[in-house]
Protein chains: 2
Amino acid sequence: MFREKIKVLDCTIRDGGLVNKHDFDLRFVRQVYKALTEAGVDYMEMGYKNSKKLFSDKEFGVWKFCEDEEIKKAVDGIESKTKISIMVDVGRVDVEDVKPKKMSPVHMIRVASYVKDIDKAIYLVNNFADKGYETTVNIMAISRALDNELNEALHQLEEESRAQVIYIVDSFGALYQESTEFLVKKFKHILKTKEVGMHAHNNQQLAFGNTIEAIIHDANFMDATVYGLGRAAGNCPLELLIGFLKNPKFDIRPILDLISKEFIPLRERIEWGYIIPYAITGMLDEHPKAAMALRNSEKKEDYREFYENLTAGLD
Amino acid sequence: MFREKIKVLDCTIRDGGLVNKHDFDLRFVRQVYKALTEAGVDYMEMGYKNSKKLFSDKEFGVWKFCEDEEIKKAVDGIESKTKISIMVDVGRVDVEDVKPKKMSPVHMIRVASYVKDIDKAIYLVNNFADKGYETTVNIMAISRALDNELNEALHQLEEESRAQVIYIVDSFGALYQESTEFLVKKFKHILKTKEVGMHAHNNQQLAFGNTIEAIIHDANFMDATVYGLGRAAGNCPLELLIGFLKNPKFDIRPILDLISKEFIPLRERIEWGYIIPYAITGMLDEHPKAAMALRNSEKKEDYREFYENLTAGLD
C-alpha cells in the first residue's frame, strides 16, 4: 500500500508510559527517537502534558508532564525530520502551560476526548491551533459511542474545530473489521475538510488488521508503537505497519535493531501484549482495568472465573 | 457473525505437532478433545497419517501416523459431537493404510497439497471419498501461487474431485486482507459446488483478521488452534474465533479453562507466537524455516542481521 498522504505516528513512549507511570529514562527515549528518525517515521509522541496541580511528579515520570525542557533534552543533537507530538486529556491540562509553538520543540498536540466532552476538546484544540501547533482530536472508547451522539460530535468537529485530523480510538480493542469500515466511512463522510486517523488496541490481535482496514477506506494517520508496547494488550506494532507500507521513505531495519536491543530486555521487566484477560475485555467491549487488576493478583491465570465474573456483572 | 453453515475445525494437535514432533501425550490430547467437545467445536484434527515406511516411529510421536487405534484411545469414553479429522500430505501416505470409514473413528480426511501436486491430491481425495470419508483439499503456500496455475487447479478441483471443501492455506503468514478477499472471491467464483475454507498463520498478527475477512466473503470452514499453538508464529487463536462467532452452540469457557491449565504451562516449554523473525518471513513471503533455525541459534535476537541476510538472498 503506497499512498503519499499516509502518516505514521509512533506513540511508544506515550502509550507505553501508561504501563510504567511514564518513567522511561532519557537514554531509552533518545534511542527510540534516533531509531524512529532513521526509520522515517513522521511523528513521535512523547507523553501527556498533564497539570502538576493534578498529578505529583514524585509519583510519575517526566513524560506525564512533557515540559518543553525535558523534550529538548531528548532530541538535543539528533538531526531529525520526525516531528514531536504530545497528548493532552480533556480536564487535565492547564492551557497556560502550553506556550506558543515558536517557543516549543513540540509540533503537534493531540487532544484525547470522549464523545461527551467534545465541546471541551474543541475549546482546547482551537487554543492550541491558535498558538501555531498542528492539532488532532482523538475520540476515545469509540466502540461504545451512540451513533446519534457520535454524528453530532463529528459535525461539531467539522464545523467548529481547527483540528486537522480526527482519530478513531478503539480504547477497548473491541472493533472488528466491519465496524472499523463503518466508522472510517462515517468519519470520511462527515469530516470533509479533515483527515481521519486510527489508533487501535491489540486485545484481540486485530490492531494491525484494523489499521490496514482503516487505510483501505482512506484514513491517512496511523498510530503504532514499537513491538506493540502499550497499556494492557498494547497497540498496532510499528514494525508490522512499516513492513506493510510501501512508501520507500520507511526503513524497518532501525526498528528491528531497537527491538533486539531495548524491547526484548524491557519485555522481561514489564508485561504487555496478547494475554487472555485482555482478549476477554476486548470481546466484551470493556475497559481493560479489571484485567489489569487480575494480572496483578494471584488469580492472574484464572481466565474462566474472570470471564464469568465479568459477564455476570453485565446483568 | 452468525451463519449456521460456518464450521470450526481445531487443528491444535495437528499443527501444534509440528512444534514437538507430534509427541503430545494421551492425557493432553484427551483434555483438548474434552474441551473442544464442551465448547461445541465442529472438528478436531489429530495429526498426519504418514507412512511408517517414510518416517520412524522412534523419532516421531503417534500423531505423525494417526493410526485408528491411537485415535480410539484418545476419544474412548468421551461422549462428543466433535468429529475427528486427520491430514495427509501428497506423497507421504499409503492409501492402503486408510480403511473404509465404517471401520475407523475418523470422520474427515484433509489432503494438503501445493498447486503443482493437485492431480495427486485429486487422486487421494477421491480415494478417501470413495471409502466414505468427508474430504477437503488444502492448497498450501497460496501466497506464492501463480494466478493461471491456481485457476486451473481450482477448475480441476471443481470438475474432477469429490472434495467438499477447498481451503486457502496461508502457509507463510503473508496475506493481508485485500489478498484474502481476492482469493476467497476467486475460490467462490470457480468452486460452485464446494465450500471454501481458511487456514491462516499468525506471522504478522493477521491470522484472526484474515479469518474474519474470509468469513465476510462467505468462506464457511475455519481453522483455528487453542491459544494459537502451531509451527513458528502459530495459527488463528480458537478462543478469539469462538468469541467472534455468535452461534449459540459455541461456549468459550472450556477453552479458557484449557488454556489456563494446559497451555500456559506448555508455553514455558515450547515456543510459538508473535516473534520478530517469523514476522519478517511473513512480510517477505518466505517459509519460516530460516527463522526457526535462527531461533535455535545463539543469534536468536539478531533481527536486523537476519532481515538483511534474507533480503540479500532474494537477488
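Let me start with one residue pair in chain B: Asp89(B) stands opposite Ala112(B) in E4(B), where strands, like helices, are DSSP runs numbered from the N terminus, of at least two residues for a strand (E) and at least four for a helix (H or I). This is a predicted model, in which local features need pLDDT of at least 70 and side-chain atom pairs count only at pLDDT 80 or more, while totals for chains, interfaces and linings use all residues. Residues are numbered from 1 along each chain as its sequence is written, and chains are lettered from A and ligands numbered from 1 in the order in which they are written.

Strand E3 (residues 83-89) of chain B runs parallel to strand E4 (residues 108-113) of chain B, and five bridges join them; two strands pair if DSSP finds at least two bridges between them. In chain B, a closed barrel of eight strands runs E1-E2-E3-E4-E5-E6-E7-E8 with parallel pairing, and the twist averages 25° from one strand to the next.

Turning to the helices, H10 (residues 276-283) of chain B packs against H12 (residues 303-312) of chain B at an angle of about 25°, with the axes 10 Å apart; axes are lines fitted to C-alpha atoms, for helices over the stretch in contact, and angles run from 0 to 180 degrees between N-to-C directions. H10(B) and H12(B) are therefore roughly parallel to each other, a term for angles under 35 degrees. The contact is made by Ile276(B), Pro277(B) and Ile280(B) of H10(B) with Tyr303(B), Phe306(B), Tyr307(B) and Leu310(B) of H12(B), contact requiring C-beta atoms, placed from the backbone, within 7 Å.

Technical notes: Parallel < 35°, antiparallel > 145°, perpendicular 65-115°, else oblique. Contact = placed C-beta atoms within 7 Å.
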